[in-house]
Amino acid sequence: MNESDTYTTGSPYAPHTDDGRTAMLEAIGVDSVDELFDIPEAVRFTDGFGIDARSERETRRLVRSVLDRNADLTELLGRGHYGYYIPSLVDHLADRSEFLTSYTQYQPEVSQGFLQALFEYQSLLVELTGLEIANCSMYDAATALGEAATLAERVRSTSGHRVLVPDLLRDGRRSTLENYVAGTDLTVESYPTDDGTVDVDALESTVDEGDDVVMVYAENPTVRGTIEEQLESIGEVADGADALFVLGSDPVALSLLQRPADVGADVVIGDASVLGLPTSYGMGLGLFACREEFLRQVPGRLVGVSEDATDRRAFTLTLQTREQHIRRERATSNICTNQAWVALRTAMHAASLGPNGMVDLAKRGVTRADELAARLDDLDGVQAPVHDRHHIREFVARVDQPAPAIAEDLEKRGFAVHVVGEHEIQVCVAGVPDDDLDDFVAAMTEVVR
Amino acid sequence: MSNDQTTNDPTTDASQVRYDQARYVNDGQYEPLLSEKDQTSVDIGAGDSPLPDDLTRDDLELPELSEPELARHYTRLSQMIYGIDSGPYPLGSCTMKYNPKFTEDVAALPSAAVHPDRSEESIQGTLELLYRLQDYLGRIGGMDAVTLQPPAGAAGEFVGIRVAAAYHEHNGEGHRDEVIIPESAHGTNFATAALGGYDVVSLPSDEDGRVDLDALEAALSENTAALMLTNPNTLGLFERDIEEIADMVHDVGGLLYYDGANLNALLGRARPGDMGFDVMHYNVHKTFATPHGGGGPGAGPVGVVAELEPFLPAPRVREADAETNSGQATYELFDPDHTIGNVHGFQGNWLVLVKAFAYIARLGDEGLTDASAKAVLNANYLASQIEYDVPYGPFHHEFVASAGDQDAADVAKRMLDYGVHPPTTKWPEIVPEALMTEPTEIESKDTLDRLAAAFNAVAQESDEVLEDAPERTTARRIDQTSAARSPRLSWHELAEEDT
């Protein structure tokens, strides 16, 4: 064992000297630390967990060796979660330890930097959605959708209880929503889609089956990568039923696609971590923006502007009387720890791109998806895209052979794609370099041969 | 639009452009907003739009800054933040302790960045790490099964409540509609129970700050779904009657829920599972030193006894029957039989879980046990050194002092002037003007002495001094009332005011 492999007995992060410990025990008036544990004999634990301590070097080696079991694949995966390139600026600055090692900003006088960064994040979302209010994070899109439903229940005093979601919705999102509404009177129901987008007539009949709809949810783009063309009509149907129109999207799509406020959206949710986070096995950042009239019903934290005692502009958490630590069981949400540092990363990434970069990234999502679809469509045994729609970032392709076999074969060649039907795969260009797309087309050519 | 406020004025007094950490003031601002530096509006329809106009927005207006400008902006912002790396951070119940730096490196390994829709075969490393962390947490909590999905402690509470509901429903006991919560509990407990659709039955403390058994007896009934408890409680006191409490709850058919916020005090000394708790959450960002990130991300894994395992969120990770050619175990996802489904779109905050795994693997039995021993030593030592009244005791990891005639919030502001972060204030409410203090194991005697000196200096100061505090921080006392009375929540609202 070389020197850097040595470790102290006990926690290496508890810096007590023997003399210090003795002096402290004396000051307290006890002979040993054991005396400080006021635990009845019957529930004392003395067995040990059976977890070996390791040096820092050994621990790094352990984690690396475990994670090295992950295959190194080119991911053409999306469906709401994207692996865009993240500028180095984001890692280096977000990793400054003041950002990383601070707590929720309960003492704003020593938290101005984080509060301002979160205020800038909120402002980014306000610009992207056109809605007046954005909070400074929920956990992810699925939990933000759940919070939107409970908001709908709070702001509509009708006897409504139906929450309508498209039948094209990720299972995890729908299931999370159902857990969020389990303790309320709300029920979740699907409405039909057609050719990858909302079937507005079918939505209208679903709404008309009762007069008790409190929320209509739609996504733009949809989980299949199609761009929704009838947002305004969907908004009108929701409005006609006196229901909230909740739209799911993300910051890259919002840079280019119709502004939610312009199509009547009352709430926008989604995953903002498309900027700022690597794919991270699904870790997210719940985007939540809404109209001003819901201000006092908004879930989550809000950063606002105020002045300090010298009349200078200063930032602070505000309207905390909505929050669990003050309002307890009457709070608008139980959220406490949220995703503040991810919001910081997202704001940094967006700032790094700037408005031209954001719009450009979104436009390239459209053109590159189109180009890849055309190249795949040229292969025998592949039709792409399946939906006769505009797409952004991703699309569904029909394959003559069974889709799981195609995906498995592609994986052996180093590519990951979604299987979304017996004969349907979904591929995504976001974050995938052009060279890798060329290699992918070559692999597909082999696989479908 | 360009709104450049950083122009160089040669007549400016040099003292006003000092890049000093405490106060960089530019036109009445500590640091201009990005939008005040430079904004650009992009016309979407112009030029090469690949979409018809009616499917796109008209324009997008956001800051357009160079990388050096952004680097300075965010560096400036970071200099206006107090973190655990800046100094002591004794926020009661928040467990702010030092985060080892190497855990950031392992979480940033390229092999950790996998898409959640990857095939199980291609992410055996991720699944193995999750499996091993489930195992670690199960051993530490004395629990039979663990889910890692909840993305924060409150989300873990929600899983606990949903699992309890599903369990009762499954047993034909769906009528149970009450959750009992001690008055001193974390605010999230109440909000979570309400979100789960339960009526909250509030439980008063007895004279020594613990659960009042008579009051508990009165609160329990055939309608009790669960009792949510933390042990040691938020006063830092161990609930010595825990076995009796568990029996009482179980006798009426209720479940006992453990709020893991205070687990740092117990590592290796006692386990919730052994105390009779049926379900618990772990705040891995507290107990296992993963950075709090200015308010997240955290992670709130949930452990349960075997009876409740079938109700845990889906999917979970288990060892598969197959082995690799080299004899390594393989792992797979599965849905528990009566699962409540998802509580997060995917599998929670993966990167936080990687850090927690690395921390536990680094410390092992000895390190974890030592951490809690020193956390308890530190709390008791600090309590013995401060001149404010400290009712109750003996303490575990945290204690609640009373600021007495002083306003606890003012005390906190004044402590900032002494260069230390203050404790949690005004809570729990059973102690008047509460100063809830948790130094954790990471502070040395010297630091604790400095902390005590700050408490004791403030204790001697007048209300006038306290009301003016802080005066040595970046920003001075901030007007909370005006922030709430006329909410301005984005730079758009500031721009409107200017015009």
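## Contact between the domains of chain B

Domain 1 of chain B and domain 2 of chain B bury about 1800 Å² between them, 61% of it on carbon and sulfur atoms, where buried area is the accessible area (1.4 Å probe) that two parts lose on being put together, summed over both. In domain 1 of chain B, the residues that lose the most area to domain 2 of chain B are B:Leu235, B:Asn264 and B:Leu267, together 29% of what that side buries.

This is a predicted model, in which local features need pLDDT of at least 70 and side-chain atom pairs count only at pLDDT 80 or more, while totals for chains, interfaces and linings use all residues. Residues are numbered from 1 along each chain as its sequence is written, chains are lettered from A in the order in which they are written, and side-chain values use heavy atoms, with hydrogens and water left out.

## Contact between chain A and chain B

Between chain A and chain B, about 15700 Å² is buried, 62% of it on carbon and sulfur atoms; A:Phe49, A:Arg69 and A:Tyr281 supply 7% of the area that chain A buries against chain B, more than any other three residues. In terms of contact (heavy atoms within 4.5 Å), 168 residues of chain A meet 198 residues of chain B.

## Salt bridges

With a salt bridge taken as a side-chain nitrogen of Lys or Arg within 4 Å of a carboxyl oxygen of Asp or Glu, the count between chain A and chain B is 11, whereas between domain 1 of chain B and domain 2 of chain B the count is 0. A:Arg69 forms a salt bridge with B:Glu128, their closest N and O atoms being 2.5 Å apart.
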